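Student: I have a new model open and I am not sure where to begin. Could you walk me through it?
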Amino acid sequence: MLAAEHARIARALLARSDREFADGNTLIGSELLWGAAAHAILGIATERGWHKNSHGAIKAAARMLSGELDNNRLLSDFDSVEKLHANFYHNNLNASETAQRRVQAERLIPRLLACVT
């Protein structure tokens with residue numbers, strides 16, 4: 001898949017997450033935010049030729065990008081998005097934690113997409 005396709009999917013998932021959260025579907029919204037962030041990172045990894053075939057590779061790409069941009073906040077925001085991913089499976093975040101992590105995800109994803117050419 002080309003980087004532009006990953007970016008398109010990331011934007012679509014981000015928009016859909018807003019609708020799911022508005023409808024009260026926090027588990028689905030959480031997972032869609034993870035998917036949006038993951039696809040944005042996959043787009044970056046595709047362009048840079050980085051390994052991208054596993055969850056661990058996505059996390060490694062986030063670390064590399066954080067170092068490349070000298071931006072530790074990017075990595076902490078990525079960690080929050082990973083917790084939203086886990087929330088999909090475990091429903092372990094309360095409403096306040098979900099809202100906080102959602103803010104971080106919605107800050108992260110556009111920054112990632114800006115890195116995809």
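Tutor: Let us begin with a term: a residue counts as buried when its relative accessible area is under 20%, as exposed when that area is over 50%, and as partly exposed in between. Please keep in mind throughout that this is a predicted model.

Student: Okay, so take S80. Is S80 buried or exposed?
Tutor: S80 has a relative accessible area of 3%, and because the cut-off for buried is under 20%, S80 counts as buried.

Student: Which helix is S80 found in?
Tutor: S80 belongs to helix α4, which covers residues 72–90.

Student: And what does S80 touch, leaving out residues up to four places away in sequence?
Tutor: With those left out, S80 touches R101 and Q104. There is also a C-alpha to C-alpha distance of 7.1 Å between S80 and A105, although these two are 25 residues apart in sequence.

Student: How do α4 and α5 pack, then?
Tutor: Their axes are 8 Å apart, and the packing angle is about 125 degrees. An angle of 115 degrees is the upper limit for roughly perpendicular and roughly antiparallel begins over 145, so α4 and α5 are oblique to each other. The crossing of this pair is left-handed.

Student: Which residues make that contact?
Tutor: On the α4 side they are R73, L74, S76, D77, F78, S80, V81, K83, L84 and N87, and on the α5 side they are T98, R101, R102, Q104, A105, R107, L108, R111 and L112. Sorted by class, the contact of α4 with α5 has seven nonpolar, five polar and seven charged residues.

Student: Switching helices: at what angle do α2 and α4 cross?
Tutor: Helix α2, residues 26–48, crosses α4 at roughly 135 degrees, and the two axes come within 8 Å. The helices α2 and α4 are therefore oblique to each other, and their crossing is left-handed.

Student: Which residues meet there?
Tutor: From α2 there are L27, I28, S30, E31, L33, W34, A37 and I41, and these meet F78, V81, E82, L84, H85, N87, F88 and Y89 in α4. The residues of this contact of α2 with α4 divide into 11 nonpolar, three polar and two charged.

Student: I see a few rings around there. How many aromatic pairs does the structure hold?
Tutor: The structure holds two aromatic pairs. In one of them, the ring centres of W34 and F78 are 5.8 Å apart and the planes stand at 55 degrees, so this pair is tilted. Because W34 lies in helix α2 and F78 in helix α4, the pair ties together parts that are 44 residues apart in sequence.

Student: Are W34 and F78 buried or exposed?
Tutor: Both W34 and F78 are buried. The other pair is made by F88 and Y89, which are edge-to-face, with 5.1 Å from centre to centre and 80 degrees between the planes.

Student: What about the accessibility of F88 and Y89?
Tutor: F88 has a relative accessibility of 28% and so counts as partly exposed, while Y89, at 55%, counts as exposed.

Student: Now α2 and α5. How do their axes cross?
Tutor: The axes of α2 and of helix α5, residues 95–113, come within 10 Å and cross at roughly 25 degrees. That angle makes α2 roughly parallel to α5, and the crossing of α2 and α5 is left-handed. In this contact S30, L33, A36, A37, A40, I41 and I44 of α2 meet T98, R102, A105, E106, L108, I109, L112 and L113 of α5. By class, the residues of the contact of α2 with α5 divide into 11 nonpolar, two polar and two charged.

Student: Last topic, the loops. Which non-glycine residue has a positive phi in the loop between α3 and α4?
Tutor: In that loop it is D70, which has a positive phi of about 50 degrees although it is not a glycine. D70 has 70% relative accessibility and so counts as exposed.

Student: And where does N91 lie?
Tutor: N91 lies in the loop between α4 and α5, and N91 likewise has a positive phi of about 50 degrees without being a glycine. At 48% relative accessibility, N91 counts as partly exposed.

Methods:
Residues numbered from 1 in each chain as written. Predicted model: local features only at pLDDT ≥ 70, side-chain atom pairs only at ≥ 80, totals over all residues. Heavy atoms only, no water. Helix = DSSP H or I, 4+ residues; strand = E, 2+ residues; numbered from the N terminus. Buried < 20%, exposed > 50% of the residue type's maximum accessible area, 1.4 Å probe, protein only. Contact = heavy atoms within 4.5 Å. Axes fitted to C-alpha atoms, helices over the stretch in contact; angles between N-to-C directions. Parallel < 35°, antiparallel > 145°, perpendicular 65-115°, else oblique. Left-handed = near helix turned anticlockwise from the far one by under 90°. Nonpolar A, V, L, I, M, F, W, Y, C, P; charged D, E, K, R; others polar. Phe/Tyr/Trp six-rings, centres within 6.5 Å; stacked < 30°, edge-to-face > 60°.
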